[in-house]
Amino acid sequence: GFVIFLLGALQLFKPLVFYLLLVIAFLVGLPFLIKLYTDVLTMHPLLQKRRYGWIFVSFSLLFLGLLFTTTFSPVIEWDSLSYHLAIPKMYLQHGGITYIPFIPHSNWPLLTEMLYVLGLGLNGAKLAKLIAFSFLSLLVLSTYQFGKRFFNKPTGIIAAILLVSLPIINQFGNETMVDIPLAFFQLVSLYALFQWCGSNKTYWF
């Protein structure tokens, strides 16, 4: 978000710049993706021995799968149409961040919307909705990890299942808004705080 904001301030909202940014992000994140893939392979035999592990995976995939199909539907939420996507679209038309006098929300911090700028600039609203959906997936996984780390595995599973079954999650889980990303960042911030209090390691602070 900060990187895209800087590009916008420099009036560099151009497709070539966005593609270059994606390549750099992929190269930086590749070690983490490899580790995640290795962790999933390691987890598979454990799931075979523990039925509640499959319960978590099945319910999560069911709800997230249903929501994923709706990411390809048109944007209909008023907030998204009026400013969450409208402002990024105007920024793209201008080639960077500019003052929009008739939308007061454009004066707010818009770091999540900067990610939507990337989606709109590369593949329109569908990619922007996929970015929003990715935050929901991260929120579900973080909820599970939080419960597992500070309570036990069944608690993490129950918390994640309850989260994805909430009606408001089904309503806003893939909409280009800031509610789900905000919940994700708040949860991981709380996780880091608890980890710091328990370990006193400064990199968690």
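**Notebook: an all-helix count and some local packing**

I counted the elements and found 10 helices and zero strands in the protein. The model I am reading is a predicted one. Read from the N terminus, the elements run α-α-α-α-α-α-α-α-α-α.

**Whole chain.** I looked up burial next: of the 205 residues of the protein, 37% count as buried. The accessible surface comes to about 12,500 Å². Carbon and sulfur atoms hold 73% of that surface. I then checked contacts between residues at least 6 apart in sequence, and 69% of these join residues at least 24 apart.

**α1 and α6.** I asked how two packed helices should be noted down. Such a pair is described by the angle between the axes and the distance between the axes. For helix α1 (residues 2-9) and helix α6 (residues 111-123), the axes come within 8 Å and cross at roughly 75°. Angles of 65 to 115 degrees count as roughly perpendicular, so I entered α1 and α6 as roughly perpendicular to each other. Which residues meet there? From α1 I listed Phe-2, Ile-4 and Phe-5. On the α6 side they meet Leu-111, Met-114, Leu-115, Val-117 and Leu-118.

**α5.** I went on to helix α5, residues 86-94, where Ala-86, Ile-87, Pro-88 and Tyr-91 are buried. What do the buried residues of α5 pack against? I found α4 (78-84) and α6. Helix α6 thus enters my notes again, here as a partner of α5. Just after α5 I noted Gly-95, which takes a positive phi of about 90°.

**Surface patch.** I looked for nonpolar side chains on the surface and found a patch formed by Val-23, Phe-26, Leu-27, Leu-30, Leu-33 and Ile-34. Together these residues have about 560 Å² of accessible area. I picked out Val-23, which is found in helix α2 (residues 15-49). Is Val-23 buried, partly exposed or exposed? Its relative accessibility is 46%. Partly exposed covers the range between under 20% and over 50%, so Val-23 counts as partly exposed.

**Thr-143.** I ended with Thr-143, found in helix α7 (residues 125-150). Its relative accessibility is 15%. Buried means under 20%, so Thr-143 counts as buried. I then asked which residues Thr-143 is in contact with, leaving aside its neighbours within four places in sequence. My list has Gly-156, Ala-159, Ala-160, Leu-163 and Leu-187.

How values were computed: Residues numbered from 1 in each chain as written. Predicted model: local features only at pLDDT ≥ 70, side-chain atom pairs only at ≥ 80, totals over all residues. Heavy atoms only, no water. Patch = residues over 30% accessible without salt bridge, like charges linked within 9 Å, V, L, I, M, F, W, Y side chains within 5 Å. Areas by Shrake-Rupley, 256 points an atom, 1.4 Å probe, with all protein chains shown as cover. Salt bridge = Lys/Arg side-chain N within 4 Å of Asp/Glu carboxyl O. Helix = DSSP H or I, 4+ residues; strand = E, 2+ residues; numbered from the N terminus. Buried < 20%, exposed > 50% of the residue type's maximum accessible area, 1.4 Å probe, protein only. Axes fitted to C-alpha atoms, helices over the stretch in contact; angles between N-to-C directions. Parallel < 35°, antiparallel > 145°, perpendicular 65-115°, else oblique. Contact = heavy atoms within 4.5 Å.
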